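Reader: I should like to learn how to read the surroundings of a ligand and the fold that supports them. Where should one begin?

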Amino acid sequence: MAHEVRAVVARAAKDPVAVAVIEVPDPGPGETLVRVQACGVCHTDLHYREGAIGQDFPFLLGHEAAGVVEAVGEGVQEVGPGDFVILNWRAVCGRCRSCRRGRPQYCFDTFNATQKMTLDGQPLSPALGIGAFAELTLVAAGQCTKVRADVRPEVAGLLGCGVMAGIGAALYTGEVQRGDSVAVFGCGGVGDAAIAGAVLAGATTVIGVDLDAKKLDWARQMGATHTVLVSDGDPVEAIRALTDGHGADVCIEAVGHPVVFEQAFNARDLAGTLVQVGVPSPEMRLDLPFQEMFGRGGRIKPSWYGDCLPSRDFPMLVDLHLQGRLPLDRFVSETIDLDQVEEAFAKMGRGEVLRSVVVL
Ligand SMILES: NC(=O)c1ccc[n+]([C@@H]2O[C@H](COP(=O)([O-])OP(=O)(O)OC[C@H]3O[C@@H](n4cnc5c(N)ncnc54)[C@H](O)[C@@H]3O)[C@@H](O)[C@H]2O)c1
Ligand SMILES: [Zn+2]
Ligand SMILES: [Zn+2]
């Protein structure tokens with residue numbers, strides 16, 4: 001039996017998103033039906049609605065979510081009805097060449113629900129294989145990670161994408177160590193999470209860089225020891241000045257722009273690490289001095305989902321949060337209804353929020 005539920009759909013590139021009634025099938029083998037309780041508005045949702053991540057409209061948006069398992073399909077053992085779960089967009093296969101070599105965080109064959117959710121019979125493309133701006137969503141069982149139920153859903157859900165991507169960019173991709181200096185370019189939800197991750201890892205100099213002074217206030221609340229307002233001058237020079245003239249050990253690009261990438265590239269110390277978290281658009285190109293790339297040494301590492309393993313990281317980060325060691329609640333700027341997602345995109349564009357979270 002298909003369930004008819006309210007959901008946020010992007011029908012065409014750049015058109016405002018709107019709530020529609022969609023059809024969600026009962027779970028088939030390996031699938032799970034989840035009653036969504038909260039779902040954050042991530043910049044990636046906006047990338048979808050702009051047509052920057054493929055043209056497979058209509059998209060069912062939303063992917064930073066937590067909720068309760070409503071029903072499971074045949075063969076599902078990981079979770080059962082009533083479990084409180086955070087949804088993840090990289091259900092690890094366990095069989096691909098990366099998984100077989102013990103690197104499931106890079107799994108090359110992650111999977112989603114097999115059946116399609118539909119809008120008037122037309123298949124929907126769920127954002128990042130989730131689609132959680134919806135009262136019910138259908139995912140692969142491996143996309144559900146059970147966590148303790150005493151954490152607020154609007155906080156827990158954020159671990160499902162941007163916050164995990166940022167924390168993991170610092171902890172795992174950047175391998176930030178105690179005593180490191182870290183510069184984070186772009187202090188939105190993802191960048192601020194990278195700041196929180198750098199603090200968790202023991203970095204002693206944590207520099208937030210943004211165009212917007214309000215974002216820098218929030219970055220300091222998240223643990224940045226210094227901030228750099230881009231309009232005050234060259235951020236590369238500012239970062240050098242804050243690191244004894246050397247540059248940062250780890251630079252994290254959390255904007256998705258070639259100019260920012262170049263700044264992050266140049267703001268590194270010798271043998272430093274550049275982590276690319278921001279998602280570029282298809283037309284973007286990089287033009288870097290090849291000799292500088294060699295001469296500086298170090299590492300340039302794109303980061304998918306913070307190289308996380310949801311089963312390892314979600315419960316651990318929830319624990320750290322509930323112990324008062326990770327201020328996840330500071331990411332929730334406002335809670336909104338399903339029909340306010342378009343408005344939330346505008347607020348994101350104006351820099352008024354870190355995360356708007358739809359609460360259902
Ligand atoms: N790699 C991943 O797994 C992953 C996961 C989630 C999101 N993302 C991507 O991360 C990026 C950030 O997402 P978000 O949700 O934090 O977005 P956001 O819009 O909340 O934050 C972006 C921030 O960058 C700042 N900014 C813009 N231009 C800048 C510049 N030239 N210099 C310095 N700062 C600048 C903005 O003021 C804003 O504070 C997006 O591209 C998103 O798609 C990647
Ligand atoms: Zn795999
Ligand atoms: Zn996201």
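Author: One begins with a definition: a residue is near a molecule if its C-beta atom, placed from the backbone, lies within 6 Å of it. The model examined here is a predicted one.

Reader: Which residues come nearest to ligand 1?

Author: H43, A165, G186, G188 and G256 come nearest, out of 33 residues around ligand 1. Two or more residues of the shell are given by each of the elements α1 (43–49), α4 (162–173), α5 (189–201) and β13 (205–210).

Reader: How many residues of each class are in the shell around ligand 1?

Author: The shell has 17 nonpolar, 13 polar and 3 charged residues.

Reader: Into which domains is the protein chain divided?

Author: Domain 1 comprises 3–160 + 327–359, and domain 2 comprises 166–304. Their C-alpha centres are 28 Å apart. To the contact between them, domain 1 contributes 11 residues and domain 2 contributes 12 residues. On the side of domain 1 that touches domain 2, there are 5 nonpolar, 4 polar and 2 charged residues.

Reader: Where does ligand 1 lie with respect to domain 1 and domain 2?

Author: Ligand 1 lies between them, because both domains give residues to the shell around it.

Reader: How should one read a sheet?

Author: In general, the strands of a sheet pair through backbone hydrogen bonds, either parallel or antiparallel. In this model, an open sheet of 6 strands follows the order β14-β13-β12-β15-β16-β17, with parallel pairing. Its edge strands are β14 (226–229) and β17 (299–302), each of which pairs on one side only. From one strand to the next, the twist averages 15 degrees.

Reader: Over how many bridges do strand β12 and strand β15 pair?

Author: Strand β12 (residues 181–185) and strand β15 (residues 248–253) pair over 4 bridges, in the parallel sense. F185 stands opposite E253 in β15.

Reader: Which strands does α5 lie across?

Author: Helix α5 lies across β12, β13 and β15, and runs at about 175 degrees to β13. Both α5 and β13 are also among the elements that give two or more residues to the shell around ligand 1.

Reader: How many helices and strands does the protein chain have, and why is the chain described as compact?

Author: The secondary structure comes to 11 helices and 19 strands. The radius of gyration is 20 Å, close to the 21 Å that the globule rule gives for 360 residues, so the chain is as compact as a globular protein of that length. Along the principal axes, its C-alpha atoms fill a box of roughly 65 × 40 × 40 Å.

Terms used: Residues are numbered from 1 along each chain as its sequence is written. Chains are lettered from A and ligands numbered from 1 in the order in which they are written. This is a predicted model: local features need pLDDT of at least 70, side-chain atom pairs count only at pLDDT 80 or more; totals for chains, interfaces and linings use all residues. Domain bounds come from an automatic or database domain assignment. Two residues are in contact if their C-beta atoms, placed from the backbone, lie within 7 Å. Ala, Val, Leu, Ile, Met, Phe, Trp, Tyr, Cys and Pro count as nonpolar, Asp, Glu, Lys and Arg as charged, and the others, Gly among them, as polar. Two strands pair if DSSP finds at least two bridges between them. Axes are lines fitted to C-alpha atoms, for helices over the stretch in contact, and angles run from 0 to 180 degrees between N-to-C directions. The radius of gyration is taken over C-alpha atoms; the globule rule is 2.2 Å times the number of residues to the power 0.38.
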